[in-house]
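Subject: Structure handover

Hi there,

Here is the structure I promised to pass on to you. Have a look at it first, and then read on for what turned up.

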Amino acid sequence: MTVLAELSISTLFAVVFSDLRTTRAARRIHWSNPWYLTMERLRKPGRTVNLSVRLKTGTEVVGSYMGASTETDPSKRELVLHEPLYFRHANDAKSSKVEDWHFIIFAGSEIKYLSVQHVGEIKQPKAASWNYSVTAWLSKNWSK
């Protein structure tokens, strides 16, 4: 019984000492997929995310990001863009605007690559700027 108690205490001290010696930045490991990171996590409030989606067929579609499924396998994900939507076919240099459609859903298995652009101006009311700073700090340091 004494050996078990000594072993438990020494293990506890080793874990606590290791935890204190390791910096917080080195310990933080959070899994996230690149779609979520670039299109949602890095997006600032008040900004829109525009995407250029290159399909395996060579067609390029440009539109505003609306959402994506959270499937871990990229080939099983789905991506939703909303208007304004522009298409450019593989062998055509000119893009054309799609007038009649509001949304388009892509299967992740059909996407070759994505280009991401954050557009828009960040507008902060002067009276609420301290509130935005506190909220940004809290979300950065405590929401992980």
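Let me start with a cut-off, since part of what follows rests on it: a salt bridge here is a side-chain nitrogen of Lys or Arg within 4 Å of a carboxyl oxygen of Asp or Glu. Please also keep in mind that this is a predicted model.

**The charged network**

By that rule, the count comes to two salt bridges. In one of them E60 pairs with R88, and the closest N and O atoms are 2.3 Å apart. This pair links distant parts of the chain, with E60 in strand β2, R88 in strand β3, and their positions 28 residues apart in sequence. R88 is partly exposed, at a relative accessible area of 29%. The salt bridges share partners, and R54, E60 and R88 are thereby joined into one network. The other link in it is E60 with R54, where the closest N and O atoms are 3.9 Å apart.

Is E60 buried or exposed? Its relative accessible area is 12%, so E60 counts as buried, the limit being under 20%. The side chain of E60 also makes a polar contact with the side chain of S52, at 2.3 Å. Leaving out residues up to four places away in sequence, E60 touches S52, V53, R54, Y86, F87 and R88.

**The overall fold**

Stepping back, the protein chain has four helices and six strands. In sequence order, the pattern is α-α-α-β-β-β-β-β-β-α. The chain has 144 residues, and 17% of them are buried. Its accessible surface is about 11,100 Å², and carbon and sulfur atoms account for 59% of that. Among contacts with a separation of 6 or more, 57% are between residues 24 or more positions apart.

**Strand pairing around β1**

Which strands pair with β1 over eight bridges and over five? Strand β6 (residues 111-119) is joined to β1 by eight bridges, in the antiparallel sense, while β2 runs antiparallel to β1 with five bridges. To find your way in the viewer, you can use V49, which stands opposite H118 in β6, and N50, whose bridge partner in β2 is S64.

β1 and β2 also form a hairpin, with four residues between them. In that turn, G58 has a positive phi of about 100 degrees. T59 is found in the loop between the two strands and is buried, with a relative accessible area of 12%. The T59 side chain makes a polar contact of 3.4 Å with the side chain of T57. Beyond its neighbours up to four places away in sequence, T59 touches V53, R54, F87, R88, H89 and A90.

**The nonpolar core**

In soluble globular proteins, nonpolar side chains tend to be buried together. The largest nonpolar core here has 15 residues, and M39, L51, V53, L79, L81, F106 and I111 touch the most other members. At least two residues of this core come from each of α3 (34-41), β1 (48-55), β2 (60-68), β3 (78-88) and β5 (103-107). The largest share is that of β1, with four residues.

V53 is a good place to centre your view. Apart from neighbours within four places in sequence, V53 is in contact with T59, E60, V61, L79, L81, F106, I111, Y113 and L114. E60 and T59 therefore turn up again here, both of them buried at 12% relative accessible area.

**Two more places to look at**

The peptide bond between E83 and P84 is cis, with omega about 0 degrees. P84 sits in strand β3.

The other place is R47, in the loop between α3 and β1. R47 counts as partly exposed, at 29% relative accessibility. R47 and V119 are 72 residues apart in sequence, yet their C-alpha atoms are 5.5 Å apart in space. A polar atom of the R47 side chain also lies 3.3 Å from the backbone oxygen of G120.

Happy browsing, and all the best!

Key
Residues are numbered from 1 along each chain as its sequence is written. This is a predicted model: local features need pLDDT of at least 70, side-chain atom pairs count only at pLDDT 80 or more; totals for chains, interfaces and linings use all residues. Side-chain values use heavy atoms; hydrogens and water are left out. Buried means under 20% relative accessible area, exposed over 50%, partly exposed in between (1.4 Å probe, protein chains only). Contact means heavy atoms within 4.5 Å. Accessible areas come from the Shrake-Rupley method with a 1.4 Å probe; for residues, only the protein chains shown count as cover. A nonpolar core is a set of buried Ala, Val, Leu, Ile, Met, Phe, Trp, Tyr and Cys residues joined through side-chain atoms within 4.5 Å. Two strands pair if DSSP finds at least two bridges between them. A polar contact is a pair of N or O atoms within 3.5 Å; within protein, one must be able to donate a hydrogen and the other to accept it, and residues adjacent in sequence count only if both atoms are side-chain atoms.
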